[in-house]
Amino acid sequence: MSLPGKIVCIGAGYVGGPTMAMIAKNCPMIQVTVVDISQPRIDAWNSDDLPIYEPGLDEVVKACRGKNLFFSTDVDTCVAEADIIFVSVNTPTKTKGIGAGMAADLTYWESAARGIARVSKGYKIIVEKSTVPVKTAEAVEKVLTSCADSFFTFDVLSNPEFLAEGTAISDLAKPDRVLIGGKESDSGRKAVACLASVYQQWVPKENVVCSNLWSAELTKLAANAVLAQRISSMNSLSALCEATGADVQQVGYAIGMDTRIGSKFLNASVGFGGSCFQKDILNLVYICDSMGLKEVAEYWRQVIVMNDYQKTRFVHRMISTMFNTVSNKKIGILGFAFKKDTGDTRETPAIDVCRGLLTDGAKLDIYDPKVKEDLIRSELQLGKFEWDHPQAYANRVAGIKDESINVSSSAMDAARDSHGIAILTEWDEFKALDYEEVFKVMVKPAFIFDGRNLLDHNALRKIGFVVYGIGKPLDPFVTEHKET
Ligand code: NAD
Ligand code: UDX
């Protein structure tokens, strides 16, 4: 199977940028161009300050950029010239209309498909890289056939991306699998083989898995749902551990030693975040609901319900432990990104925890090594999460003053004069802090609420801290939240 000469990717985001950089690195004979409608994003990809932070990304981009990797806003020309067109645009949850709050918003996808149809001639392979609802390829085909001229022929493939942020480059360099779904026709099979030949430049043949289109589309939603379900399962058990004196890390470790279960993704936490898990599960729930599969929809919905419960539980635990009030108390927030090694804050649990504390009158001092102040402030001002009852929450959010939030440039500054600190992201540097010094600069009793079970709790207790860890045996000082 001969390799394509030119590849274009529509969408220069967290997926499009790193994925194409990896293809360019491993396929020097292919010209790869990433296009986007956002000029600032493309300018950043062409600069020394890339628009996203990913360990190892700078090196890969710098090695290929200007040779066989290009970033451009000239979408039409690049699409017209390409043999393979990846579409990696955003597919967020719909915010209005039918399916609002649940279904995927395919506006960006449709606009990309219409653009492809407008400028394409000859034969092209269109690759769904974005996460999309199952059966999207059918809709894409309809748009392409009804809008393009008769000289344009194509195959649509589904090639969902499984990279995780923070480890994108290593995930792309050594993927557990590459999944390619295509039509079971001659042309479909040839298209699958062509795309497979690109990946096989660096991925072992046995790790490139082929399936039908609908299986590939559904696999992506299913994979994220199952991963998130493991976390929600451990988070549900963390509440039971706290009530009984069991330790969720010990339970998780012993469960994970069963080779049928495996040890990964069993860490109880303040809640999962990120742009994918919640969005993709809501999407799955919506699809099941629309197909009349109420019980199936309800089953997956619980994964989100448990995640919201965990965030609420964490805030309640903080407030009740700090003598039932955080009003006017300074609280240091260590970490705002949804996980370490990324500056991404989409759906980070920190948003909901911070809002819960602000609602109770706390003054927050936030530090994250990779998230800029503007982003933190704008995330906390958007009225997306309904903390309690929607109306009551909206009223309270409206009452939150900007002065309640300070963003610091070090963990020590965030901790200084605070009554408590909450670890919300598992950044390595928080493990290395000098907690003797942190203790000295805090108001006493000094509380640490470890939302990631990152720290050595016994060592902290020896220093004098009152410590709360998720799903850990409770300090006598840590109190139960009682609903009134
Ligand atoms: P993103 O928001 O970072 O990037 C999407 C880009 O597409 C934006 O820069 C936007 O300007 C651009 N865009 C939108 N419409 C366009 C158009 N018509 N023409 C040109 N550019 C257009 O999104 P992302 O995080 O890269 O996610 C992309 C897709 O990949 C989503 O479907 C997501 O669910 C999926 N995904 C994301 C991850 C992740 O870790 N972020 C992992 C796997 C899959
Ligand atoms: C996820 C999927 O892992 C990836 O395959 C998919 O392509 C995109 O969505 P991502 O959201 O980038 O990746 O990060 P991930 O490592 O999955 O973490 C998601 C959230 O779960 C984070 O907030 C993380 O802190 C949390 N998490 C993860 C836990 O709370 N406990 C765990 O055991 C693992």
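## Surroundings of ligand 1

Ligand 1 is surrounded by 25 residues, of which Asp36, Arg41, Thr91, Glu165 and Lys279 come nearest, a residue being counted as near if one of its heavy atoms lies within 4 Å of the molecule. This is a predicted model, in which local features need pLDDT of at least 70 and side-chain atom pairs count only at pLDDT 80 or more, while totals for chains, interfaces and linings use all residues. Residues are numbered from 1 along each chain as its sequence is written, chains are lettered from A and ligands numbered from 1 in the order in which they are written, and side-chain values use heavy atoms, with hydrogens and water left out.

The residues of this shell divide into nine nonpolar, nine polar and seven charged; here Ala, Val, Leu, Ile, Met, Phe, Trp, Tyr, Cys and Pro count as nonpolar, Asp, Glu, Lys and Arg as charged, and the others, Gly among them, as polar. Helix α5, residues 107-119, gives the largest share of the shell, three residues, where helices are DSSP runs (H or I) of at least four residues and strands are runs (E) of at least two, numbered from the N terminus. Domain 1 (6-203) and domain 2 (244-480) each supply at least three residues to the shell, with bounds that come from an automatic or database domain assignment.

## Polar contacts and cover

An oxygen atom of ligand 1 lies 2.8 Å from an N or O atom in the side chain of Arg41, and an oxygen atom of the ligand is 2.9 Å from a polar backbone atom of Thr131. On the side chain of Glu165, an N or O atom is 2.9 Å from a nitrogen atom of ligand 1. The protein covers 92% of the 840 Å² of accessible area that ligand 1 has on its own, as computed by the Shrake-Rupley method with a 1.4 Å probe.

## Salt bridges

The count comes to 28 salt bridges, each being a side-chain nitrogen of Lys or Arg within 4 Å of a carboxyl oxygen of Asp or Glu. One of them joins Arg118 to Asp76, with the closest N and O atoms 2.9 Å apart; this pair links distant parts of the chain, since Arg118 belongs to helix α5 and Asp76 to helix α4 (residues 75-81), 42 residues apart. Arg118 is exposed at 55% relative accessible area, whereas Asp76 is partly exposed at 32% (buried means under 20%, exposed over 50%, and partly exposed in between, with a 1.4 Å probe and protein chains only).

Glu426 and Arg452 also meet in a salt bridge, at 3.8 Å from N to O, and Arg452 is buried, with a relative accessible area of 16%. Salt bridges that share partners join Asp289, Lys294, Glu298 and Arg301 into one network.

Technical notes:
Polar contact = N/O pair within 3.5 Å; in protein donor to acceptor, adjacent residues only side chain to side chain.
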